[in-house]
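I wanted to look up how charged side chains pair up in this model and what its surface offers in the way of nonpolar patches. These are my notebook entries on that search.

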Amino acid sequence: MAELKDWEQPVERRGRLTAVLALATLISAFGSSFQYGYNVAVINSPAPYMQQFYNTTYVERYNTAMEENFLTLLWSLSVSMYPLGGFFGSLMVAPLVNKFGRKGTLLFNNIFSIVPAVMMGVSEIAKSFEIIIVARFIVGICAGLSSNVVPMYLGELSPKNLRGALGIIPQLFITIGILCAQVLGIRNILGNTTGWTLMLGLTGIPAVTELLLLPFFPESPRYMLIQKGDEKNAKKALQRLRGWDNVDAEMTEMRLEDQSERSEGHLTVLSLLSQRSLRWQLISIIILNMGQQLSGVNAIYYYADSIYGSAGVNENDVQYVTVGTGAVNVFMTIAAVFIVESSGRKLLLLLGFGICCGACVLLTVALSFQESVTWMPYVSIACVIIYVIGHAIGASPIPNVVTTEMFRQSARPAAFMVGGSVHWLSNFTVGLVFPFMEGNLGPYSFIIFSVICLVTLVYVWLVVPETKNKTFLEVSQMFAQRNKTEIKLGDGNLPLKDSRESPEDAEKVTAF
């Protein structure tokens with residue numbers, strides 16, 4: 001076929017945030033991502049009362065006190081079952097989103113929230129701590145699915161000029177969920193001996209909300225067109241999302257993506273691992289997800305209470321300072337939403353991991369001299385806050401955004417499955433290994449985290465391209481040169497040129 005002239009191309013309008021797009025974003029993020037964050041922090045404040053319940057229940061059953069080691073084991077299971085469930089949830093992503101769609105999977109996923117919410121809510125009445133452990137695993141499955149499917153869903157709903165901002169909304173609701181759990185966990189609210197079961201059970205409310213409201217919003221147009229071949233409903237959904245009837249330019253771009261993938265079909269994880277054309281994209285999401293979770297964020301929160309205490313914060317007031325740290329996290333994630341489209345993804349990743357690296361080094365020094373220098377605890381507090389800021393603007397929100405953008409439709413579910421599995425396995429590993437690191441290395445544990453942040457930063461600098469305001473096919477073209485492959489659409493030639501790309505970056509694409 002002859003090359004298409006510029007005047008023959010459909011004119012693409014700049015996307016805007018319509019009411020349908022905004023509400024679909026808020027409902028899916030509140031119904032799914034919020035729960036992820038909420039369940040990360042919900043058992044922190046009521047931990048003493050929950051452990052007391054474990055011990056009391058055991059005494060009532062066996063007329064003898066529970067051994068301390070056994071109580072520690074049960075509590076470790078209560079904590080670790082959540083990321084373990086998250087890992088198994090990630091393994092379910094690809095088959096579910098390919099079968100039920102993005103919206104359909106989110107609706108189905110609410111089963112894994114409502115059932116454990118009821119289980120945890122009645123655990124005290126049932127006098128069973130086993131119910132809590134099983135429920136934590138099930139709600140972990142919910143988190144594993146939602147942490148991958150919501151960014152995928154929103155990335156496919158969004159116009160390319162809003163994809164970064166809307167892609168951060170799930171992470172924003174994760175931080176809001178953490179903050180809500182911290183607020184409700186204050187001892188005067190629900191973090192006490194009578195309120196902790198209600199606090200655990202509240203995770204079902206966002207799920208019910210999503211179950212009632214999300215059916216009124218569109219499925220991903222890309223899923224309907226590329227994977228289901230339903231052009232009519234895909235166009236209707238796109239028109240609702242964009243707020244205008246002329247969506248021919250986006251439909252054309254989706255058809256081109258469809259043509260480019262016909263030879264590949266829907267990729268499984270095994271075929272994804274063997275695809276040379278996706279090699280550097282796959283390595284990138286593995287490095288980013290490992291860097292995100294192995295950068296020490298959980299360790300920072302582990303140390304936070306003791307750092308605040310050593311700085312002279314009253315023991316009863318530490319909970320309020322912790323809430324303040326959570327509020328900083330939310331505020332900086334909101335800032336990332338507003339700056340990601342102007343600054344780009346790569347700059348925020350570099351800033352985020354760079355700030356975290358520096359904060360870990362300074363925190364190591366501050367903790368080492370905390371006992372001998374009177375003002376050093378205040379430096380430690382500053383390091384914690386600086387670290388939280390760095391993680392909130394880059395390391396936390398951006399990996400899922402670029403995972404959506406680096407892969408085309410056929411590979412995206414498998415890519416999220418791989419990225420999500422790495423995310424949750426790394427999370428589980430830190431929870432398992434850090435107590436031993438802390439016991440043997442003390443504050444020098446943070447040197448290891450600083451090295452991980454530095455390695456991730458260097459990788460981002462050298463390998464990860466800027467994906468801002470690019471179509472999914474254009475991003476694939478950017479990686480094609482590094483992968484030493486071509487994106488094939490068929491039998492002719494159809495160069496997809498973009499005014500923002502240099503000729504060297506453009507990859508030859510053929511069309512029917």
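The entries below go from the salt bridges to the nonpolar patch.

**Ground rules.** I am working with a predicted model, in which local features need pLDDT of at least 70 and side-chain atom pairs count only at pLDDT 80 or more, while totals for chains, interfaces and linings use all residues. I number residues from 1 along each chain as its sequence is written, and the side-chain values I quote use heavy atoms, with hydrogens and water left out.

**Entry 1, the salt bridges.** I noted beforehand that side chains of opposite charge can pair when their charged atoms come close. I looked up the total and found 11 salt bridges in the structure, where the term stands for a side-chain nitrogen of Lys or Arg within 4 Å of a carboxyl oxygen of Asp or Glu.

**Entry 2, glutamate 60 and lysine 127.** I found these two joined in a salt bridge, with 3.8 Å between the closest N and O atoms. The pair links distant parts of the chain, since glutamate 60 sits in helix H2 (residues 47-62) and lysine 127 in the loop between helix H6 (123-126) and helix H7 (129-157), 67 residues apart. Helices here are DSSP runs of H or I with at least four residues, numbered from the N terminus. I recorded glutamate 60 as partly exposed at a relative accessible area of 48%, and lysine 127 as partly exposed at 46%; buried means under 20%, exposed over 50%, and partly exposed in between, with a 1.4 Å probe and protein chains only.

**Entry 3, glutamate 156 and arginine 412.** Their side chains meet in a salt bridge at 2.8 Å, N to O. Glutamate 156 lies in helix H7 and arginine 412 in helix H21 (residues 412-441), so the pair ties together parts that are 256 residues apart in sequence. I found glutamate 156 buried, with a relative accessible area of 3%, and arginine 412 buried at 0%.

**Entry 4, a network.** Which residues does the network of salt bridges link? I listed Arg163, Glu341, Arg345 and Glu405. Within this group, arginine 345 and glutamate 341 form a salt bridge with their closest N and O atoms 3.1 Å apart, and both are buried.

**Entry 5, the nonpolar patch.** I turned to a nonpolar surface patch of about 580 Å², made by Val361, Leu441, Tyr444, Ile447, Ile448, Val451 and Val455. Such patches take residues with over 30% relative accessible area and no salt bridge, joining nonpolar side chains (Val, Leu, Ile, Met, Phe, Trp, Tyr) within 5 Å and like charges within 9 Å. Helix H22 (residues 445-462) gives the largest share, 4 residues. Valine 455 is found in helix H22, and I noted valine 455 as exposed at 52% relative accessibility.

Technical notes. Helix = DSSP H or I, 4+ residues; strand = E, 2+ residues; numbered from the N terminus. Areas by Shrake-Rupley, 256 points an atom, 1.4 Å probe, with all protein chains shown as cover.
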